[in-house]
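Here's an informal walk through a protein model, meant to be read with the structure open beside you. Pull it up and follow along.

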Amino acid sequence: MSIPDDLLVDIASMVEAEQTNQMSLTVVVHGAVITGRLAPEGVWRRRVAEVLRDSARLGPFADIFESRGPSAPAAAGAPPTHLHFHVARILQGTLGIPETGGMYRIALQDVSAWTVGDFSYSDS
């Protein structure tokens, strides 16, 4: 188990404290490059619940995301343990998957490298 980067934990804490979703970040997790914007956990949970609720097959899972607030450590005043990305893409060659962006929850301890900002590709 690795120890999360203190600076990255501070960034995640600020996103949670200020309830902002404007921080763009790119991380490397187990060799995958993921780029997008961070969201506070509560905002991320509500958005995932909305997407699930719109699905006939996955609708029952929506309650799991809405019935619980932030994870226990964050609620107890401890630093965040996860990054919550929205409009995020996994970069694969010249593609970002999914094209429109997805919702990802990433354990801070799994981030091996990161940079501020997000990346996009163009065919130019």
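What follows goes from the sheet to the helices, then to an aromatic pair and some backbone oddities.

## The sheet

Keep in mind that this is a predicted model. Start with the sheet: five strands, open, in the order 4-3-2-1-5, with antiparallel pairing. Strand 4 (95-107) and strand 5 (111-116) sit at the edges, and each has a single partner strand, so one side of each is left without a neighbour in the sheet. Going from one strand to the next, the twist averages 35°.

As background, strands in a sheet pair through backbone hydrogen bonds, in either a parallel or an antiparallel way.

## Who pairs with whom

Strand 1 (residues 24-29) is a good place to begin tracing. Five bridges pair strand 1 with strand 5 in the antiparallel sense, and strand 1 is joined to strand 2 by six bridges, again antiparallel. Valine 29 makes a handy landmark here: it stands opposite valine 111 in strand 5 and opposite alanine 32 in strand 2.

Move on to strand 2 and you'll find five bridges joining it to strand 3, with the two running antiparallel. Across that pairing, arginine 37 stands opposite histidine 86 in strand 3.

## Helices across the sheet

Which strands does helix 1 lie across? Helix 1 (residues 6-18) lies across strand 1, strand 2 (32-38), strand 3 (82-92) and strand 5, and runs at about 60° to strand 5.

Helix 2 (residues 41-53) lies across strand 3 and strand 4, and its angle to strand 4 is about 125°.

## One aromatic pair

The structure holds one aromatic pair. The ring centres of tryptophan 44 and phenylalanine 65 are 6.1 Å apart and the planes meet at 65°; planes over 60 degrees apart count as edge-to-face, so that is what this pair is. Tryptophan 44 belongs to helix 2 and phenylalanine 65 to helix 3 (residues 62-67), so the pair ties together parts that are 21 residues apart in sequence.

Are the two partners buried or exposed? Tryptophan 44 has a relative accessible area of 7%, and under 20% means buried, so it counts as buried. Phenylalanine 65 has 23% relative accessibility, so it counts as partly exposed, the class between 20% and 50%.

## Backbone oddities

A bit of context first: most residues other than glycine have a negative phi, and most peptide bonds are trans. With that in mind, look at the turn of the hairpin that strand 1 and strand 2 form, with two residues between them. Histidine 30 is in that turn, and it has a positive phi of about 50° although it is not a glycine. Its relative accessibility is 67%, and over 50% means exposed, so histidine 30 counts as exposed.

Valine 87 is another residue other than glycine with a positive phi, near 40°. Rather than a loop, look for valine 87 in strand 3. Its relative accessible area is 37%, so valine 87 is partly exposed.

Which peptide bond is cis? The bond from isoleucine 97 to proline 98 is, with omega near -10°. You'll find proline 98 in strand 4, which is one of the edge strands.

Notes: Residues are numbered from 1 along each chain as its sequence is written. This is a predicted model: local features need pLDDT of at least 70, side-chain atom pairs count only at pLDDT 80 or more; totals for chains, interfaces and linings use all residues. Side-chain values use heavy atoms; hydrogens and water are left out. Two strands pair if DSSP finds at least two bridges between them. Helices (H or I, at least four residues) and strands (E, at least two) are DSSP runs, numbered from the N terminus. Axes are lines fitted to C-alpha atoms, for helices over the stretch in contact, and angles run from 0 to 180 degrees between N-to-C directions. Contact means heavy atoms within 4.5 Å. Rings of Phe, Tyr and Trp (its six-membered ring) pair if their centres lie within 6.5 Å; planes under 30 degrees apart count as stacked, over 60 as edge-to-face and the rest as tilted. Buried means under 20% relative accessible area, exposed over 50%, partly exposed in between (1.4 Å probe, protein chains only).
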